[in-house]
Amino acid sequence: MSQESLPVTAPPRASGIPRAGELEGVRPARHALFLALCVLALIVPLAVLGLLLASALHVSAPRLGWEFLTGYPSRHATSAGILPALAGSAALLTLTAGLAVPLGVGAAIYLEEYARPNRLTSLIEVNISNLAGVPSILYGLLGLEVFVRALGLGRSLISGAATLALLVLPMVIMTSREALRTVPSSLREACYALGADRWTTLRCVILPSCLPGILTGVILSLARAVGETAPLVTIGALTYVAVLPDSLGSAFTAIPIQIFNWVSRPQAEFRANAAAGVVVLLALTGALNGLCIWLRVRLGRRA
Amino acid sequence: MRHAASYLFAAAALTAACSRSAPRPPPIKADGSSTVYPISEAVAEEWKKVHPTQVTVGISGTGGGFKRFCARETDISDASRPIKKTEVDLCAKNGVEYVELPLAFDGIAVVVHPKNAWVDRLTTSELKTMWEPAAQGRVKRWSDVRKGWPEKELRLFGAGVDSGTYDYFTEAIIHEERASRGDFTSSEDDNVLVSGVAGDELALGFFGLAYYEHNRDKLKVVPIDDDKADNGAGPISPSATTVRDGTYQPLSRPIFIYVSKRSLERADVAEFVQFYLREGQKKLIAEVGYIPLPERAYPLLAARVDRRVTGSLFQGKGSQVGVSIEAMLERQQGAGR
């Protein structure tokens, strides 16, 4: 407790941030309060999430099982399953990633590495930030008009995926740009100094070193897409589909829509199905986030 | 590290590339009313057990369903009211002809909280007082509806304005389709209305009879008196019996499917529609909470499909009140001749 004798205005040490112990000594009351607030801020969302999960697990307990995962929709709550919705969500996710990732990462690379800082570029930047805040239902309406009607893709899997890709594109671009910015310019300069051209530098130095960051952004965006309902409702994801999507033009349904349908039924038994659907959806987003952490650790180590 | 990323892309590309498999008959597409949905879903589920052709059923609402139907996007349109003039015109413009099949009856239940001791019946004119556009801002308390009722706030819950239920209720009670006060809690999801009324002692709401049947313990149904003696005198509660015999008026209505004539050229669609009528009548309609037509109606409907009798029995007038099953059958036979 020798720190107690330090003057309040102790200059920060050359190494930067003071250690926690030092601050505790300086302003014990305020620091304790701040710490308590931080812990509270951590506990509240965790408790809410835990409560949600516990209640969903509790309600869904009678339905959750292999049969539920491999079953088709039914008017009988006890035999209704989620397979077409699960397959629909998985197909949507893959297609959305296939569309949004190349476009989004490409746009980010262009804006960060190639674009000259002029009016047009800043206009594009402002627009991308704005687009990230547009309500998802508007993307649904856009998708309905552009993909379903104008391009004549119909109310199909590919229309849904394209709409979701549009929805996550701003997020993918923004997170990828952030990741690209974390690459120190010394790395670039070293690469140029070795005689590498722009493309080689990008491919062999910049992208590898920021890949974990890009992937994190991509996967978090996709985790958001998988829970979206509104845009899918507008472009006409159906409710009763007893078949797995087998082509880009297939009719499809998705987990959030199936949950919505079960919740709105008069029979109370369907609530268990809805809760089980929620658990499946949470597990899916949890798995995606897990994948994200795994990739980050793995790639981070190698880079 | 390039590998990990390319796995993701490869997976995406692979699903896209491998997705074209052996041809399958195109699915039969039904869409429309959420009220009719449970019947179509039940039929589709049974159909799946006996026939390889897939059936998909959507919920776009009656109006949304007709928009798609008239744009040739669907084969069957589920509807909780007859087709309207604007929709008739739209279909005609696109050359879509259809066979109209009234399938079953549905009642609209008017409910209050079980602890509500003062409401034991309502007349249709009292319902009009509560719900008409002029009531907004004026009829705020129960005592504004009938003298002697408590001077407590009246909280209203009703079907959302995109639903056929709302269209029909306004036509039946206010005598003008889609005219009502705007200051009530509305939802397209009837369960929201059920929990709304079940949790509020001062509430009154209306929604499909099936939702009342499944929540009897949480709600109190209000018998309705239409002040007409010729279809049962005095207040009458909704039930399978009173809806079927036409005494629960004006809040019972026919529900329909419309089948595209062009789609009926496909053998599997025609077979599906016949299956729909047969199985629906046998058990499925009652099982999902609706009231089937009298048995003798279904052969007439089947004949209507066989002969491809197109056009609407309702002359494109939209919701119509007080259509009894008998009257409908007579019209049907007339049209079939």
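I began with chain B of this predicted model, where I counted 13 helices and twelve strands. I then looked up burial, and found that 57% of the 337 residues of chain B count as buried. For the surface of chain B I noted an exposed area of about 14100 Å², of which carbon and sulfur atoms supply 52%. Turning to contacts in chain B between residues at least 6 apart in sequence, I recorded that 74% of them join residues at least 24 apart.

Next I went through the cysteines, and over all chains the count came to one disulfide. I located this disulfide between C70(B) and C91(B), with an S to S distance of 2.1 Å. I placed C70(B) in helix α3 (residues 61-70) and C91(B) in helix α4 (residues 85-93) of chain B, so the pair ties together parts that are 21 residues apart in sequence. I also checked the torsion about the S-S bond, which is about -75 degrees, and I therefore entered the disulfide as left-handed. As for accessibility, I noted C70(B) as buried at 0% relative accessibility, and C91(B) as buried, also at 0%.

I then turned to chain A, where I found C191(A) in no disulfide, the nearest cysteine sulfur being that of C204(A), 7.0 Å away. Why is the sulfur of C204(A) not bonded to that of C191(A)? I wrote down that the 7.0 Å between them is too far for a bond, since the cut-off for a disulfide is 2.5 Å. I entered C191(A) as buried at 10% relative accessibility, whereas C204(A) is partly exposed, with a relative accessible area of 41%.

Definitions and conventions
Residues are numbered from 1 along each chain as its sequence is written. Chains are lettered from A and ligands numbered from 1 in the order in which they are written. This is a predicted model: local features need pLDDT of at least 70, side-chain atom pairs count only at pLDDT 80 or more; totals for chains, interfaces and linings use all residues. Side-chain values use heavy atoms; hydrogens and water are left out. Helices (H or I, at least four residues) and strands (E, at least two) are DSSP runs, numbered from the N terminus. Buried means under 20% relative accessible area, exposed over 50%, partly exposed in between (1.4 Å probe, protein chains only). Contact means heavy atoms within 4.5 Å. Accessible areas come from the Shrake-Rupley method with a 1.4 Å probe; for residues, only the protein chains shown count as cover.
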